[in-house]
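Thanks for asking me to look this one over. My notes follow as numbered points, to be read with the structure open.

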Amino acid sequence: MAESTLVVESGTHEIIVTRMFDALPELVFRITMDPELIPQWWGPAHLHTVVDKMDVRPGGQWRFVQTDPDGNEYAFNGVYHSIEVPNRIIQTFEWEGLLGHVSLETITLEEVDGKTKMTEQSVFQSIEDRDGMLANGMEGAADEMFDRLEALLVHA
C-alpha cells in the first residue's frame, strides 16, 4: 500500500497530508462521500463507525459516531462549505470530546497519470490545537484510514 506524507511546518496552524490512490478522482470522490461506505474506511478498524448525519451540500452537516469494543462513543461533526465534484471538498471538523476546537479541512483530488493525488489540508485555530491533534495519533490514524480506503478502491 502507498504511504501518506504528513507535512507540519513550525509556526503554522496547519497539517497537510497527501496520499496517492490507484483510482481516478471520480471513484475516490464517490467512495469518500457515500454514507454506506464510510463505515468501511473512516477511522481506525477497531472502532465501529456509524454515519449519523451526512447532508452533502454547501451548508449541509455531517456527523459520524464511533464506538469502541467497551461501548465508549466518540463523535465527530462538521459543516460542508464547498463541494466541487469530483475535485474538492471544504468542510469543518470537530471532535465532540473537545467542543469549540474546530479545524477547516480542504480535501483536493487531483488526477496524476490515471491515479488520484489526495491532499488534505487541515487548518487549526491555534498551534496548540494542531499539536494536540498530532499528539493524539493523527498520523497513524490517517495511514490506517487511507489504507482501508485504498482497499475499498481496489475492489470497487
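**Notes on the strands and their turns**

1. Let me begin with a hairpin. Strand β4, residues 61–67, pairs with strand β5, residues 73–84, in the antiparallel sense, and 7 bridges hold the pairing. Please bear in mind throughout that this is a predicted model. Within this pair, Q66 of the hairpin stands opposite Y74 in β5. There are 5 residues between the two strands, and in this hairpin G71 takes a positive phi near 90°.

2. Following β5 onward brings us to its other partner. Strand β6 covers residues 88–95 and runs antiparallel to β5, with 6 bridges joining the two. One pair to look for is E84, which stands opposite R88 in β6. The connection from β5 to β6 is a hairpin through 3 residues.

3. That connection deserves a second look. P86 lies in the loop between β5 and β6, and the peptide bond leading from V85 to P86 is cis, with omega near -5°. As a reminder, most peptide bonds are trans. I would be glad if you paused on this bond when you go through the model.

4. Next along the chain, β6 pairs with β7 in the antiparallel sense over 6 bridges. Here I90 has T106 in β7 as its bridge partner. β7 itself spans residues 103–112, and β7 also pairs with β8, again in the antiparallel sense, over 9 bridges.

5. Which residue takes a positive phi in the hairpin of β7 and β8? It is D113, with phi near 50°, in a hairpin that has 2 residues between the strands. D113 is a residue other than glycine, and most residues of that kind have a negative phi. D113 sits in the loop between β7 and β8. Its relative accessibility is 79%, so D113 counts as exposed, the cut-off for that being over 50%.

6. Is E105 buried or exposed? This glutamate lies in strand β7, and its relative accessibility is 7%, so E105 counts as buried; the limit for that class is under 20%. Across the pairing, E105 stands opposite S122 in β8. Leaving out residues up to four places away in sequence, E105 touches I89, I90, Q91, F93, E120, Q121 and S122. Among these contacts, I90 is the residue whose bridge partner in β7 is T106. For a sense of distance, the C-alpha atoms of E105 and D68 are separated by 25 Å, with their positions 37 residues apart along the chain.

7. Strand β8, residues 115–123, has a further partner from early in the sequence: 8 bridges join β8 to β2, and the two run antiparallel. I15 finds its bridge partner in S122 of β8. S122 is worth marking in your viewer, as E105 stands opposite this serine too.

8. β2 also pairs with β1. Strand β1 is made of residues 5–7 and strand β2 of residues 14–21, and they pair in the antiparallel sense over 3 bridges. T5 has T18 in β2 as its bridge partner. The hairpin of β1 and β2 has 6 residues between the strands, and G11 there takes a positive phi near 85°.

9. Stepping back to the whole chain, there are 3 helices and 8 strands. Read along the sequence, they follow the pattern β-β-α-β-β-β-β-β-β-α-α. The radius of gyration is 15 Å, close to the 15 Å given by the globule rule for 156 residues, so the chain is as compact as a globular protein of that length. Along the principal axes, the C-alpha atoms fill a box of roughly 40 × 40 × 30 Å.

10. A few remarks on packing and surface. Buried residues make up 41% of the 156 residues. Of the contacts between residues at least 6 apart in sequence, 44% join residues at least 24 apart. The chain exposes about 8,300 Å², and carbon and sulfur atoms supply 51% of that area.

11. Last, the charges. The chain carries 10 positive and 28 negative charges, and the mean positions of these two sets are 4 Å apart.

Key: Residues numbered from 1 in each chain as written. Predicted model: local features only at pLDDT ≥ 70, side-chain atom pairs only at ≥ 80, totals over all residues. Heavy atoms only, no water. Helix = DSSP H or I, 4+ residues; strand = E, 2+ residues; numbered from the N terminus. Rg over C-alpha atoms; globule rule 2.2 N^0.38 Å. Buried < 20%, exposed > 50% of the residue type's maximum accessible area, 1.4 Å probe, protein only. Contact = heavy atoms within 4.5 Å. Areas by Shrake-Rupley, 256 points an atom, 1.4 Å probe, with all protein chains shown as cover. Lys, Arg positive; Asp, Glu negative; His and termini not counted. Charge placed at Lys NZ, Arg CZ, Asp CG, Glu CD. Pairing = 2+ DSSP bridges.
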